[in-house]
Amino acid sequence: MSEIVISGTGLYTPPNAISNEELVKAFNLYVDNFNDENVAAIEAGLIEPLAHSSSEFIVKASGIKSRYVVSKDGILDPEVMAPLIPERGNDKPSVMIEMAMHAADEALKASGREPEEVDLIICAASNMQRPYPAMAVELQHFIGAKGFAFDMNVACSSATFGMANAAGLLQAGNAKVALVVNPEICSGHLNFRDRDSHFIFGDACTAAVLERSEDAKSAEQWAIKGEKLVTQFSNNIRNNFGFLNRTAPEHQFDRDKLFVQEGRKVFKEVVPLVSDLISSELERQGLTPNRLWLHQANINMNLFIARKVLGRDADITEAPVILDEYANTSSAGSVIAFHKHRRDMKSGEVGVICSFGAGYSAGCITVQKK
Ligand code: COA
């Protein structure tokens, strides 16, 4: 079987940063307004007053200090509390695909490939801007790629599931040059009025070019030594938004039509699932990792996972952190870590790109620098 390599990666970071302090200020203003407007009902014991959020809590509980978003003003307006992204005409690239075009451009340049050499595109993300035509087909059109393209959604694990699928299609001879993009506009499905989760997500897009080792020509290549994917049903992370919502109009705008989670349960259940996945995969391959590019949701979770996998505490270079700056960018997170924190690695060194999230789902791609 042909060896598959990652021959280039790219990252698009939206221009608008929001610090915890800015986000908490807007949230607390919303809380004060809500409590003022509902003072009678609160005093009568009919509803609970809302509580303030705090930057100290956010940093301690998650490690997140800031995030980037596609659109900032609406999120920080206590009357809106959502990004405001105008609709575009069907002749223009959609917002997701515009992000993907930037990330793809960087990844293709790194791999030494022209867009027209791409003959497989997978758009793998937690949310698609529309059901059809597939986002990936739109990207194929706007960059002038050939072959075929499709979308897939495995929530935060979309990137690793996408890469594993691309590798399989390349190995089977269905394509020569694959582009996997992960445009994540997480701010679009985040409830900025929910104290438990308003700080969690940010927006970003990653891209990776995969091809057979014998075809690749980039200076830097990462051989895929193995892929392992796992899913296990859980209701602890849900988003019930969907095309049937309007058929039950009384629940159309309920809380569960945006992201909801039981964060503490997720933490407890996903840490063993992921550490076992990575450890058993490395054992099967007989490899020792030099680096863990983990999904970027929670710093404490990543420290636990790294400790279980390595059998000791990891230092910051062994399990790089980008969530302090980017927050949780869903499927893009582990690929951002891989994109930004690998240049110092030597030929022969091994790393694991590992994503995990809703489903539950977890994906683990072991790579070795050529
Ligand atoms: N500001 C201040 N206090 C807050 C707060 C906020 N924004 N949000 C919650 N709190 C309070 C809670 O009310 C609770 O108070 P209590 O102890 O008086 O009841 C306390 O802080 C702890 O809340 P809890 O939700 O248990 O916090 P946590 O330590 O579990 O951290 C998460 C919350 C979400 C950061 C954490 O559970 C997490 O990241 N889990 C993993 C999630 C994950 O990986 N999801 C995948 C998504 S793709």
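These are my notebook entries on a predicted model with a ligand.

**Ground rules**

I number residues from 1 along each chain as its sequence is written, and side-chain values rest on heavy atoms, with hydrogens and water left out. As the model is predicted, I accept local features at pLDDT of at least 70 and side-chain atom pairs only at pLDDT 80 or more, while totals for chains, interfaces and linings use all residues.

**Entry 1: the ligand**

I started with the shell around the ligand, where a residue is taken as near if one of its heavy atoms lies within 4 Å. I found 17 residues there, and the closest are C156, R195, Q261, R264 and N298. Sorted by class, the shell has 8 nonpolar, 6 polar and 3 charged residues. In that sorting Ala, Val, Leu, Ile, Met, Phe, Trp, Tyr, Cys and Pro are nonpolar, Asp, Glu, Lys and Arg are charged, and the others, Gly among them, are polar.

Which elements supply at least two residues each to this shell? I noted α3 (55–62) and α7 (263–285), and α7 gives the most, with 3 residues. My helices (H or I, at least four residues) and strands (E, at least two) are DSSP runs, numbered from the N terminus.

Next I looked at N and O atoms close to the ligand. A polar side-chain atom of N298 lies 2.7 Å from a ligand oxygen. For Q261, a side-chain N or O atom is 2.8 Å from a nitrogen of the ligand. S54 uses its backbone instead: an N or O atom there sits 3.2 Å from a ligand nitrogen. I then checked coverage: on its own the ligand has 980 Å² of accessible area, and the protein covers 71% of this. Those areas come from the Shrake-Rupley method with a 1.4 Å probe; for residues, only the protein chains shown count as cover.

**Entry 2: a strand pair**

I moved on to β2 (residues 16–19) and β3, which pair in the antiparallel sense over 4 bridges. For pairing I ask that DSSP finds at least two bridges between two strands. S66 in β3 is the bridge partner of S19.

Which way do the side chains of β3 (residues 66–69) point? S66 and Y68 point one way, R67 and V69 the other, and all are buried. Buried means under 20% relative accessible area, exposed over 50%, and partly exposed in between (1.4 Å probe, protein chains only). In a regular strand the side chains alternate between the two faces of the sheet.

**Entry 3: the largest nonpolar core**

I define a nonpolar core as buried Ala, Val, Leu, Ile, Met, Phe, Trp, Tyr and Cys residues joined through side-chain atoms within 4.5 Å. The largest one has 46 residues, of which V274, I278, I305 and F356 touch the most other members. Elements giving two or more residues to this core are α1 (20–37), α7, β11 (291–294), α8 (299–310), β12 (350–357) and β13 (361–369). Helix α7 gives the most here, with 8 residues. I had already met α7 as the element that gives the most to the ligand shell.

**Entry 4: backbone oddities**

I found a cis peptide bond from Y132 to P133, with omega near -5 degrees. P133 lies in the loop between β4 (120–124) and α5 (135–143). P131 belongs to the loop between β4 and α5 as well, and it counts as exposed because its relative accessibility is 67%. From P131 to G242 I get 9.9 Å between C-alpha atoms, with their positions 111 residues apart in sequence.

Another cis bond runs from G359 to Y360, with omega near -10 degrees. Y360 lies in the loop between β12 and β13. Its side chain makes a polar contact of 3.4 Å with that of S234. A polar contact is a pair of N or O atoms within 3.5 Å; within protein, one must be able to donate a hydrogen and the other to accept it, and residues adjacent in sequence count only if both atoms are side-chain atoms. S234 sits in the loop between β8 (222–231) and β9 (237–238), and it counts as buried because its relative accessibility is 10%.

I also looked up positive phi values outside glycine. A155 has phi near 50 degrees and is in the loop between β5 (148–152) and α6 (158–171). A327 has phi of about 60 degrees and is in the loop between α9 (323–326) and α10 (332–340). Why does A327 count as buried? Its relative accessibility is 0%.
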